[in-house]
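Subject: Structure for your review

Dear colleague,

Please find below the structure that I am handing over to you. I would be grateful if you could read the notes beneath it with the coordinates open.

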Amino acid sequence: MPEGPEIRRAADLLVRAVVNKPLTDVWFAFPSLKPYQSALRGTKVTAIETRGKALLTHFSNGLTLYSHNQLYGVWRVVNAGEAPKETQRSLRVKLETPDAAILLYSASEIGIYDTAEIENHPFLQRIGPDVLDETLTVAQVRERLLSPKFRNRQLGGMLLDQAFLAGLGNYLRAEILWLAKLLPGHKSRELNDAELNALADACLSVARLSYATRGTMDENVHHGALFRFNVFGRTGKPCARCDDPIVKGSVSSRPFFWCPVCQV
DNA sequence: CTTTAAACCTGCTGGC
DNA sequence: TGCCAGCAGGTTTAAA
């Protein structure tokens with residue numbers, strides 16, 4: 001159940017587990033990828049990066065594995081020798097080194113491409129700047145909010161659109177709009193200067209805080225403080241700012257949570 | 001051009 | 001216990 005911060009956290013773990021080690025076993029569940037198994041065995045993973053919620057695994061022979069977890073995909077890391085049987089129904093990808101193996105379960109959006117051509121992938125072509133890109137500034141987000149492409153869009157739908165900022169998702173949009181004290185029906189061109197700044201700032205600060213606090217990853221696996229929701233999933237619970245109960249509704253066909261008192 | 005609705009992918013939960 | 005409906009933190013497509 002991943003948004004940008006969870007995907008990037010997963011990538012961090014995968015990098016530590018397998019980068020620059022020879023692959024002793026490569027296995028893909030989908031028939032169309034089977035031919036690549038032997039071609040990749042013996043190569044190394046040179047880098048793993050994320051673009052919004054897409055994850056790219058680059059190999060030393062010029063190929064790249066594209067994967068997108070959608071709602072249900074999950075990456076796991078296991079020690080060498082603990083790799084599961086390939087008969088596990090939901091196992092999709094296994095990349096094993098002498099030290100560790102990385103496993104992708106349940107995801108369906110998986111493909112192998114030439115690294116040189118990866119930017120042509122339809123999803124990567126479509127998405128906007130990665131919200132976790134540390135060079136992205138509040139001023140740039142503010143400018144994007146006012147650009148012809150987005151100034152006329154309702155905030156609720158726009159924040160889910162990966163063409164606006166890649167990596168945002170349904171919990172982040174709820175938390176961003178709560179922090180900016182805005183309702184999802186506004187369009188950016190209707191916002192005053194202070195609201196615009198608050199929204200642009202919230203887009204970056206909420207996403208970065210979630211990444212820094214390990215997003216919503218499994219508490220049993222990832223120790224330390226986790227990202228805390230102020231509104232998401234907190235129907236009926238008191239708003240941290242004004243104490244009034246959080247309500248749930250639907251915005252652009254997705255669950256949405258907000259404080260009806262301090263969000264205007 | 002913008003918004004909505006439905007479809008698809010898969011896994012989990014709750015009700016009967 | 002078993003099955004089915006509904007839902008989920010996503011994305012794409014077609015239709016309004």
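The notes that follow concern the DNA contacts, one helix, the nonpolar cores and one loop residue. Please bear in mind that this is a predicted model.

DNA strand B

The protein residues around DNA strand B are Gln70, Tyr72, Ser90, Arg92, Ser106, Ser108, Asn152, Arg153, Gln154 and Ser253. By class, seven of these are polar, two are charged and one is nonpolar. Sugar or phosphate accounts for 84% of the strand B atoms within 4 Å of the protein, and bases for the rest. Two phosphate contacts may be inspected directly: a polar side-chain atom of Arg153 lies 3.0 Å from a phosphate oxygen of the strand, and a backbone N or O atom of Gln154 lies 2.8 Å from a phosphate oxygen. A base is also approached, with an N or O atom in the side chain of Tyr72 placed 2.5 Å from a base oxygen of strand B.

Helix H6 and the nonpolar cores

Helix H6 spans residues 170–179, and nine of its 10 residues are buried. Among them are Tyr171, Leu172, Ile176, Leu177 and Trp178, but also Arg173 and Glu175. The buried residues of H6 pack against helices H1 (4–18), H5 (155–160) and H7 (193–212), and against strands E9 (247–251) and E10 (254–258). Just after the helix, Lys181 adopts a positive phi of about 60 degrees.

The largest nonpolar core contains 39 residues, and Ile176 is one of those with the most contacts inside it, together with Val141, Phe164, Leu165, Leu168, Leu199 and Cys203. H4, H5, H6, H7 and E10 each contribute at least two residues to this core, and its largest share, eight residues, comes from H7. Leaving aside residues up to four places away in sequence, Ile176 touches Leu159, Leu168, Leu199, Ala202, Cys203 and Val206. A second, separate core has 27 residues, including Ala10, Ala17, Leu55 and Trp75.

Asp130

Asp130 sits in the loop between helix H3 (122–126) and helix H4 (138–145). Its relative accessibility is 12%, and Asp130 therefore counts as buried. The side chain of Asp130 makes a polar contact of 3.3 Å with that of Arg8 and reaches the backbone nitrogen of Leu132 at 2.8 Å. Beyond its neighbours within four places in sequence, Asp130 is in contact with Arg8, Thr50, Arg51, Gly52, Leu136 and Ala166.

With kind regards

How values were computed: Residues numbered from 1 in each chain as written. Chains lettered and ligands numbered in written order. Predicted model: local features only at pLDDT ≥ 70, side-chain atom pairs only at ≥ 80, totals over all residues. Heavy atoms only, no water. Helix = DSSP H or I, 4+ residues; strand = E, 2+ residues; numbered from the N terminus. Buried < 20%, exposed > 50% of the residue type's maximum accessible area, 1.4 Å probe, protein only. Polar contact = N/O pair within 3.5 Å; in protein donor to acceptor, adjacent residues only side chain to side chain. Contact = heavy atoms within 4.5 Å. Near = heavy atom within 4 Å. Nonpolar A, V, L, I, M, F, W, Y, C, P; charged D, E, K, R; others polar. Core = buried A, V, L, I, M, F, W, Y, C linked by side-chain atoms within 4.5 Å.
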